[in-house]
Amino acid sequence: MAGLRENTSGQLIILSGFVLCISLVTLAVLVNQAMITGFHSSNAVLEFPKQQIRDITSQTRESCQSMTGLALALNQSNNQGIESNYHSLFSQYKQQMAILYAGHGEEVTLSLSKMNLTSIGTNASTGGTVWVNITYNNGMTYYASEPEIIEVEP
Amino acid sequence: MDDKAQLQTLEGLGAALLITMTVVIITQSATVITPQHEMMLDVQLEQMAYDILTLLDVAPSYVMGANLTECVAGWDMNQAAIKHNSLPYLDRELSVLLPGFLYNVDMSYVRNGSLVTKNAILNGYPTEDAVVARRTVMLTNSTVTKAKGAWSIASDELQMVEVRLTVWQV
């Protein structure tokens, strides 16, 4: 034991052993951190409801366009104004969308804030504009587009 | 010239070579699936499912035959069973776009204020890593009449239908 204590050769080998050990531990920690970072970024991509938001906005734009043609056709058959028919169709649209999205735990509210359809149906029709307020909430992500301005043509 | 500790130097080189070889062999021979790899696969599959629904819906009729809205408008509204689906046209299009995958298609719609969900294409029961893509389509009296579907929609009504595509790999 006394011999071992007095033997001071090989200090550098022991030191390099320590250095190697510390570098290995540091590398292991770094690799682990990278894995955790990757996990969280992938998880965030999966959780963010970009497809739902895209579906609501694109469907609302598409439906507003179709509703214009339908409101004009109804105006010629039921003698009600285009705007009145449009309101009735939009009311059905917003109710059904709210129920469909509530079916998977998401809240969608749509409201028609303003519309300019006066030139629709006239000979000098240049199209119209509707202003729709869209909100989406799934408990973690809240999205609002107030208003979504939609150009419509019959 | 100091020629001491030659053997230790060689030993050090040998150890370094051994460690490097071991790490290379392990990383080359084994495919390590970490949780984020699995999630990335889910993200890619989900994106693909959404892209397929979008493509089917926005493609003009002369490209695809009938797009998603036309397929849904022509639905006979019968509940599907395994090997007996009620949307054969959509099934054919999906089987071309999703080779090597299994999928189900459900339809959700609102009838008298309540949500109704029916299977339209049923190929089995999804596994735990299945992904779901949804797309909403709008039906009117004219689209249904044109596609000869079984929907009952008055001329002043519209019907929103959610097409739910569940995709998984076996």
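This report describes the fold of chain A, the sheet of chain B, the contact between the two chains and the confidence of the predicted model.

## Chain A: overall form

Chain A contains four helices and three strands. Their order along the sequence is α-α-α-α-β-β-β, with the helical elements preceding the strands.

The dimensions of chain A depart from those of a compact globule. For 154 residues such a globule would have a radius of gyration near 15 Å, whereas the value for chain A is 32 Å. Along the principal axes, the C-alpha trace of this chain spans about 115 × 35 × 20 Å. Buried residues account for 22% of the 154 residues of chain A. When contacts between residues at least 6 apart in sequence are considered, 50% of them in chain A join residues at least 24 apart.

## Domains of chain A

The domain assignment divides chain A into domain 1, residues 2–45, and domain 2, residues 50–152. The centres of these two domains, taken over C-alpha atoms, are separated by 61 Å.

## The sheet of chain B

Chain B holds an open sheet of four strands in the order E2-E1-E4-E3, and the pairing is antiparallel. Strand E2 (114–121) and strand E3 (131–140) of chain B stand at the edges; each has a single partner strand, so one side of each is left without a neighbour in the sheet. Neighbouring strands of the sheet are turned against each other by 25° on average, direction ignored.

The pairings can be followed across the sheet from one edge to the other. E2(B) and E1(B) pair in the antiparallel sense over seven bridges, and within this pairing Tyr109(B) stands opposite Val116(B) of E2(B). The hairpin formed by E1(B) and E2(B) has two residues between the strands, and Asn112(B) takes a positive phi near 55° there.

E1(B) also pairs with E4(B), in the antiparallel sense and over eight bridges. Here Val105(B) has Leu165(B) in E4(B) as its bridge partner. E4(B), which comprises residues 158–168, pairs in turn with E3(B) over 10 bridges, again in the antiparallel sense. In that pairing, Val132(B) has Thr166(B) of E4(B) as its bridge partner.

## Contact between the chains

Which element of chain A lies across strands E1, E2, E3 and E4 of chain B? Helix H4 of chain A, residues 82–102, takes this position. The helix runs at about 25° to E4(B). The strand E1 over which the helix passes covers residues 102–111 of chain B.

## Confidence of the prediction

The model scores ipTM 0.76 and pTM 0.76. Chain A averages a pLDDT of 84, and 94% of its residues score at least 70. For chain B the mean pLDDT is 85, and 95% of the residues reach 70 or more.

Confidence varies among the elements of each chain. In chain A, helix H1 (residues 2–6) has the lowest mean pLDDT, 67, and strand E2 (residues 128–137) the highest, 91. In chain B, the lowest mean among the elements, 74, belongs to helix H3 (residues 61–64), and the highest, 93, to E4(B). E4(B) is also the strand that pairs with E1(B) and with E3(B).

Key
Residues are numbered from 1 along each chain as its sequence is written. Chains are lettered from A and ligands numbered from 1 in the order in which they are written. This is a predicted model: local features need pLDDT of at least 70, side-chain atom pairs count only at pLDDT 80 or more; totals for chains, interfaces and linings use all residues. The radius of gyration is taken over C-alpha atoms; the globule rule is 2.2 Å times the number of residues to the power 0.38. A residue is buried if 20 or more other C-beta atoms lie within 10 Å of its own, exposed if 12 or fewer, and partly exposed in between; C-beta atoms are placed from the backbone. Two residues are in contact if their C-beta atoms, placed from the backbone, lie within 7 Å. Two strands pair if DSSP finds at least two bridges between them. Axes are lines fitted to C-alpha atoms, for helices over the stretch in contact, and angles run from 0 to 180 degrees between N-to-C directions. Domain bounds come from an automatic or database domain assignment. pLDDT is the predictor's confidence in each residue, from 0 to 100.
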